[in-house]
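Here are some short exercises to work through with the structure on your screen. Try each task before you read its solution.

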Amino acid sequence: MRRRATAAVALAVLALLAALTGCSASEPVAGTAGFGEPTQTVRLAAVGDIACEAGAPVTATTCRHEATADLTDRLDPDVVLGLGDLQYPDATTEQFEASWEDSWGRFSDRLLTIPGNHEWRSDLEGWRETFEEEVPAAYRLGGWGVYLLDGTCDRADCDAQATWLTERLAEDPGRCQLVAWHHPRVSSQGGPDASVEPLWQAAVTGGADVALWGHDHVYERFAPLDEDLRPSEDEGLRGFVVGTGGKSLYDFSDTAQPGSQTRVGDTFGVLEVDLEPGAYAWRFVDVDDRERDSGSDVCR
């Protein structure tokens with residue numbers, strides 16, 4: 001059986017179990033896993049800022065969402081995570097149907113998503129109707145707890161989400177946790193974003209290991225950073241900015257932020273993360289199948 005079919009069955013089982021126990025499908029169900037056993041490695045592909053409006057011209061630096069979808073197909077991950085701003089410009093249901101469905105819609109059987117600021121242009125209506133998801137949401141992928149949040153903090157209640165995340169991380173029985181929201185806490189393209197500070201503080205103090213973001217149309221990897229954005233191997237959370245899903249590319253500022261380790265701004269691509277028992281490994285692969293960044297680390 002292909003991995004994507006297995007992922008679809010596992011996620012469907014999670015939703016069914018949640019319904020039978022009276023819980024929201026976005027809540028973790030005690031004793032069950034969203035995908036894979038705790039001893040298994042789950043491969044996750046993540047990227048945001050993806051699909052142009054139908055009919056928009058394709059160039060070398062704009063509207064390459066078909067290319068990133070084809071790349072993701074070649075990577076063949078177990079689970080695909082869309083990091084917000086999935087459909088431009090207004091993320092309406094009609095725009096999703098006209099563009100997203102013809103490219104990234106192929107991953108609907110193994111897809112998780114979070115909203116971005118463009119989804120908020122239609123008050124999340126198009127996102128909710130297309131994906132039938134809500135945030136915050138919690139899943140188990142192998143031995144990892146995965147927590148999905150809404151980082152558009154001028155529209156979403158990020159203080160309430162931070163409280164939710166703090167409680168969930170305290171209850172998580174595993175060693176490793178991944179969090180994801182759209183707006184980066186730190187970036188060498190857009191700079192630090194204080195609006196998502198509540199989410200960052202909850203994730204760092206709660207012991208999460210990996211944070212995934214979109215919004216800035218670049219790829220950037222950071223060293224583990226502490227609450228005050230200082231590099232800290234013992235107490236830090238490693239962040240990845242992956243806004244290279246196809247819409248367009250941005251230039252980095254002249255000064256890299258402290259802790260920035262790798263920056264790629266000249267191509268579109270997808271981040272592949274292997275969620276291993278007690279550890280993780282990553283690769284950023286561009287649309288020409290070139291590996292532009294890779295590495296591994298253990299969970300704290």
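**Exercise 1.** Are C52 and C63 buried or exposed? Describe the link between these cysteines too.

*Solution.* Keep in mind throughout that this is a predicted model.
- Step 1: look at the surface. C52 and C63 are both buried.
- Step 2: check the sulfur atoms. They lie 2.2 Å apart, and a disulfide joins C52 to C63.
- Step 3: turn to the handedness. The angle about the S-S bond is -90 degrees, and the link of C52 and C63 is left-handed.
- Step 4: place the two ends. C52 and C63 each sit in the loop between β1 (42-47) and α2 (65-75), 11 residues apart.

**Exercise 2.** Find how many disulfides the whole structure holds, and work out the pairing pattern of the bonded cysteines.

*Solution.*
- Step 1: recall the chemistry. A disulfide is a covalent bond between the sulfur atoms of two cysteines.
- Step 2: search the whole structure. Three disulfides turn up.
- Step 3: take the pair C153 and C158. A disulfide joins these cysteines with an S to S distance of 2.0 Å, and both C153 and C158 are buried. The disulfide of C153 and C158 is left-handed because the torsion about its S-S bond is about -85 degrees.
- Step 4: take the pair C176 and C299. Here the S to S distance is 2.0 Å, and with 110 degrees about the S-S bond the link is right-handed. This pair ties together distant parts of the chain: C176 belongs to strand β6, while C299 is in the segment after β13 (291-298), 123 residues apart.
- Step 5: check burial for that pair. C176 has a relative accessible area of 1%, so this cysteine counts as buried, the cut-off being under 20%. C299 is buried as well, with a relative accessible area of 2%.
- Step 6: number the bonded cysteines in sequence order. The pairing reads 1-2, 3-4, 5-6.

**Exercise 3.** Where is R185 placed, and which side chain does the side chain of R185 meet in a polar contact?

*Solution.*
- Step 1: locate the residue. R185 is in the loop between β6 (176-180) and α6 (197-205).
- Step 2: judge its exposure. The relative accessible area of R185 is 10%, so R185 is buried.
- Step 3: look for the polar partner. The side chain of R185 makes a polar contact with the side chain of E197, at 2.7 Å.
- Step 4: list the surroundings. Setting aside neighbours within four places in sequence, the contacts of R185 include P192, D193, W200, W213 and L229.

**Exercise 4.** Place A160, classify its exposure, and compare its separation from L199 in sequence and in space.

*Solution.*
- Step 1: A160 lies in helix α5 (residues 158-171).
- Step 2: the relative accessibility of A160 is 40%, so A160 is partly exposed.
- Step 3: from A160 to L199 there are 39 residues in sequence, and the C-alpha to C-alpha distance is 9.4 Å.

**Exercise 5.** What is the average pLDDT of the protein, and which stretches call for caution?

*Solution.*
- Step 1: the average pLDDT is 90, and 89% of the residues score at least 70.
- Step 2: residues 1-10 have pLDDT below 50, with 19 contacts in the model beyond near neighbours in sequence.
- Step 3: residues 12-33 also have pLDDT below 50, with 23 such contacts.
- Step 4: apply the rule. Where pLDDT is low, predicted coordinates should not be read in detail.

How values were computed. Residues are numbered from 1 along each chain as its sequence is written. This is a predicted model: local features need pLDDT of at least 70, side-chain atom pairs count only at pLDDT 80 or more; totals for chains, interfaces and linings use all residues. Side-chain values use heavy atoms; hydrogens and water are left out. Helices (H or I, at least four residues) and strands (E, at least two) are DSSP runs, numbered from the N terminus. Buried means under 20% relative accessible area, exposed over 50%, partly exposed in between (1.4 Å probe, protein chains only). A polar contact is a pair of N or O atoms within 3.5 Å; within protein, one must be able to donate a hydrogen and the other to accept it, and residues adjacent in sequence count only if both atoms are side-chain atoms. Contact means heavy atoms within 4.5 Å. pLDDT is the predictor's confidence in each residue, from 0 to 100. A disulfide is a pair of cysteine sulfur atoms within 2.5 Å.
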